[in-house]
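Student: I should like to understand how the descriptive terms applied to a protein model are justified. Could the reasoning be set out term by term?

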Amino acid sequence: MLVYGKNSCEEILKQEKNIKRVYLERNFKDRVITDLIEKLKIKPIFLTKYELDDLCEGNHQGIVIEALEYEYADIDEIVNENGFIVMLDHLEDTHNFGAIIRTCEAAGVDGIIIPKDRSVRVNSTVMKTSSGACVNMKIAMVTNLVQTIHYLKDKGYWIVASDMNGIDYTSVDYRSATCLVIGNEGSGISDLVRKSSDYIASIPMKGKINSLNASVAAGVFIYEAVRQRK
């Protein structure tokens, strides 16, 4: 996997593992990053800006790292007493995924659950959009979301699904172990996930648009939960 951009590359360098090669623009001058590279005794490969442009499709800011693929966590690694987990019900957009990961990491969420099929995965774009937060966030990939929901319920979690026509999201008690489910960008929460959830909660819409971007909605829910759990 190629990781690019200063923030993302700095985070992966701090982990001190999974790095295969480091490519730098010839006039690269970020001292924090170059110090990390020197500390790891990595010999960078210097390229022109145009050669780096050919390596990736985004704004690399003068650095690209060739790293091992992202290591997904086991579900048990993110489950704990009175925990807070975010589950993504077949999210497809890499930018939404990256933004949600960044919010989860900033808010102290224990982990994220995604399905193996028909879902976005951690890739170069997600790593860049999350500003490297993927490196510090545990993400579990599961075969079946509904089975996972029942597993979480057995562990004491309440399942709160974000969708239209639910109760006001601020009326839900997030102080116990909670799994927040965010639906697909187009179709929202699947029927089976909806039926398996304890609460369907909605963000009140005052304007003419009847829904929010998935990552924005996730941020609103997450920080309401954080406010209650202080």
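The following exchange takes selected terms in turn and sets each against its criterion.

Tutor: Please bear in mind throughout that this is a predicted model.

Student: Why is helix α4 called roughly parallel to α8?

Tutor: The axes of α4 (residues 94-107) and α8 (residues 214-228) cross at roughly 15 degrees and come within 9 Å. Angles under 35 degrees count as roughly parallel. The two helices are therefore described as roughly parallel. The crossing of α4 and α8 is, in addition, right-handed.

Student: Which residues make the contact between α4 and α8?

Tutor: From α4, the residues are Asn-96, Ala-99, Ile-100, Thr-103, Cys-104, Ala-106 and Ala-107. They meet Ala-214, Ser-215, Ala-218, Gly-219, Ile-222, Tyr-223 and Val-226 of α8.

Student: How many residues of this contact are nonpolar, polar and charged?

Tutor: The contact of α4 with α8 has 10 nonpolar residues, four polar ones and no charged ones. Gly counts as polar under the convention used.

Student: What makes strand β6 largely enclosed?

Tutor: A residue is buried when its relative accessible area is under 20%. Five of the five residues of β6 (residues 111-115) are buried, so the strand is largely enclosed by the rest of the structure.

Student: How do you know which residues cover each face of β6?

Tutor: In a regular strand the side chains alternate between the two faces of the sheet. In β6, Gly-111, Ile-113 and Pro-115 are on one side, with Ile-112 and Ile-114 on the other. These residues are all buried, and both faces are covered.

Student: What makes β5 and β7 partners of β6?

Tutor: Two strands pair if there are at least two bridges between them. Strand β5 (residues 84-88) and β6 have three bridges, in the parallel sense; one bridge joins Val-86 to Ile-112 in β6. Four bridges join β6 to β7, again parallel, and Pro-115 has Val-142 in β7 as a bridge partner.

Student: Why are β7 and β10 said to stand at the edges of the sheet?

Tutor: The open sheet has six strands in the order β7-β6-β5-β9-β8-β10, with parallel pairing. β7 (139-142) and β10 (199-202) each have a single partner strand, so one side of each is left without a neighbour in the sheet. On average, neighbouring strands of this sheet are turned by 35 degrees against each other, direction ignored.

Student: Which strands do α4 and α6 lie across?

Tutor: Helix α4 lies across β5, β6 and β7, at about 155 degrees to β6. Helix α6 (residues 145-154) lies across β5, β6, β7, β8 and β9, at about 165 degrees to β5.

Technical notes. Residues numbered from 1 in each chain as written. Predicted model: local features only at pLDDT ≥ 70, side-chain atom pairs only at ≥ 80, totals over all residues. Heavy atoms only, no water. Axes fitted to C-alpha atoms, helices over the stretch in contact; angles between N-to-C directions. Parallel < 35°, antiparallel > 145°, perpendicular 65-115°, else oblique. Left-handed = near helix turned anticlockwise from the far one by under 90°. Contact = heavy atoms within 4.5 Å. Buried < 20%, exposed > 50% of the residue type's maximum accessible area, 1.4 Å probe, protein only.
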